[in-house]
Amino acid sequence: MTRTIVASATREIIIGFDQPFCVIGERINPTGRKKLAAEMITGNFDTVIRDALEQVAAGATMLDVNAGVTAVDPNATEPGLLVQTLEIVQNLVDVPLSIDSSVSAAIEAALKVAKGRPLVNSVTGEEEKLEAILPLIKKYNVPVVAISNDETGISMDPDVRFAVAKKIVERAADFGIPAHDIVVDPLVMPIGALGDAGRQVFALLRRLREELKVNTTCGLSNISFGLPHRHGINAGFIPMVIGAGMTSAIMNPCRPQEMEAVHAANVLNGTDANCTYWIKKYRDHQPATPGAAASVSVPADSAGGGRRRGGREARRGAAG
């Protein structure tokens, strides 16, 4: 059985077909969040801290950490900012982290200070990226997200995306990196623009599980891009991709409707044994309102790098 091990300094998580679905919190990412980007540039990490605490409280298994605040010379700005952000987050929460950057130097800088065994997000099938990222994955003995696009871009043909994923797995093996340390992102397309995007990804997931035997992830909300009431689509998509074999997703855990879909899928998929987690969480359930998880206070002494918080909930909780 394929198992990808990720860890913080104090907590180990297994991503696998026989494990509960791994929710990777997406919110520590300034892409498309101008206010957050502006804060991070000036050294203000209040929103980062709040997002970290809220996502773990809401049930995130892991947290994705991205510091891509600008497209202007990211090689100069991103390594230091990613390190600073990563250190704040890993000293604040105990869940494993995903180091998210397209800048190779930033990934290496973050790996030097990361505690435990983080997930690196990501490598593509582009030759330049393979040569830059895979040696780091081997050197630091960490797992990596493999995105199914290459020099030709993102193919609309799912067979091509599978071939790119297979190429990355094979190239990783050349570096001595086992398939269980490759988490493939088959690239979810917007269903509003591509009517068979759902069926495409379901078929791809089955092939990735059965033929390559790898764990998988995705940017979950891509499926609903451009549609009204996106969270309804996302919540319907979750149990379907889990049933097809997906084992993790980068998503917003602070959306109760989507997290309920995750927990229900774990019950129905047999990874919540005896419905134990479901019963514990929902025995006295009252209908949740969006944003209800946002009542976490920001510790006054955390902005400068944070410190471990005694008594915090121990939850398990995208240019080279």
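User: Is Phe-237 buried or exposed?
Analyst: Keep in mind that this is a predicted model. Buried means under 20% relative accessible area. Phe-237 comes in at 4% relative accessibility, so it counts as buried.

User: How many aromatic pairs are there, and how is the pair of Phe-202 and Phe-237 oriented?
Analyst: The count comes to 2 aromatic pairs. In the one made by Phe-202 and Phe-237, the ring centres sit 6.1 Å apart and the planes are at 35 degrees. Planes under 30 degrees apart would count as stacked and over 60 as edge-to-face, so this pair is tilted.

User: Which helices does that Phe-202 and Phe-237 pair tie together?
Analyst: Phe-202 is buried too, at 12% relative accessibility. The two rings are 35 residues apart in sequence. Phe-202 belongs to residues 197-212 and Phe-237 to residues 230-244, so the pair ties together helix α7 and helix α8.

User: What separates Trp-278 and Tyr-282 along helix α10?
Analyst: These two form a tilted aromatic pair, 4.2 Å centre to centre with 45 degrees between the planes. Trp-278 is partly exposed at 30% relative accessibility, while Tyr-282 is buried at 13%. Both lie in helix α10 and are 4 residues apart, so the separation is about one helical turn.

User: Which residue lies over the face of Tyr-282?
Analyst: Tyr-282 has a ring partner in Trp-278, but a charged side chain is there as well. At 5.8 Å from the ring centre of Tyr-282 lies Lys-281.

User: Why does the salt bridge of Glu-127 and Lys-167 tie together distant parts of the sequence, and how many residues apart are they?
Analyst: The side chains of Glu-127 and Lys-167 meet at 3.7 Å, N to O. Glu-127 lies in helix α5 and Lys-167 in helix α6, so the bridge ties together parts whose separation in sequence is 40 residues.

User: How far apart are the closest N and O atoms of Arg-171 and Glu-127?
Analyst: Arg-171 is buried, with a relative accessible area of 18%, whereas Glu-127 is partly exposed at 30%. They form a salt bridge, and the closest N and O atoms are apart by 2.3 Å.

User: Which residues do salt bridges with shared partners join into one network?
Analyst: Arg-171 also meets Glu-131 in a salt bridge, at 2.7 Å, N to O. That pair links helix α6 with helix α5, 40 residues apart. Through shared partners, the network joins Glu-127, Glu-131, Lys-167, Arg-171 and Asp-174.

Terms used
Residues numbered from 1 in each chain as written. Predicted model: local features only at pLDDT ≥ 70, side-chain atom pairs only at ≥ 80, totals over all residues. Heavy atoms only, no water. Salt bridge = Lys/Arg side-chain N within 4 Å of Asp/Glu carboxyl O. Helix = DSSP H or I, 4+ residues; strand = E, 2+ residues; numbered from the N terminus. Buried < 20%, exposed > 50% of the residue type's maximum accessible area, 1.4 Å probe, protein only. Phe/Tyr/Trp six-rings, centres within 6.5 Å; stacked < 30°, edge-to-face > 60°. Lys NZ or Arg CZ within 6 Å of the ring centre and 35° of its normal.
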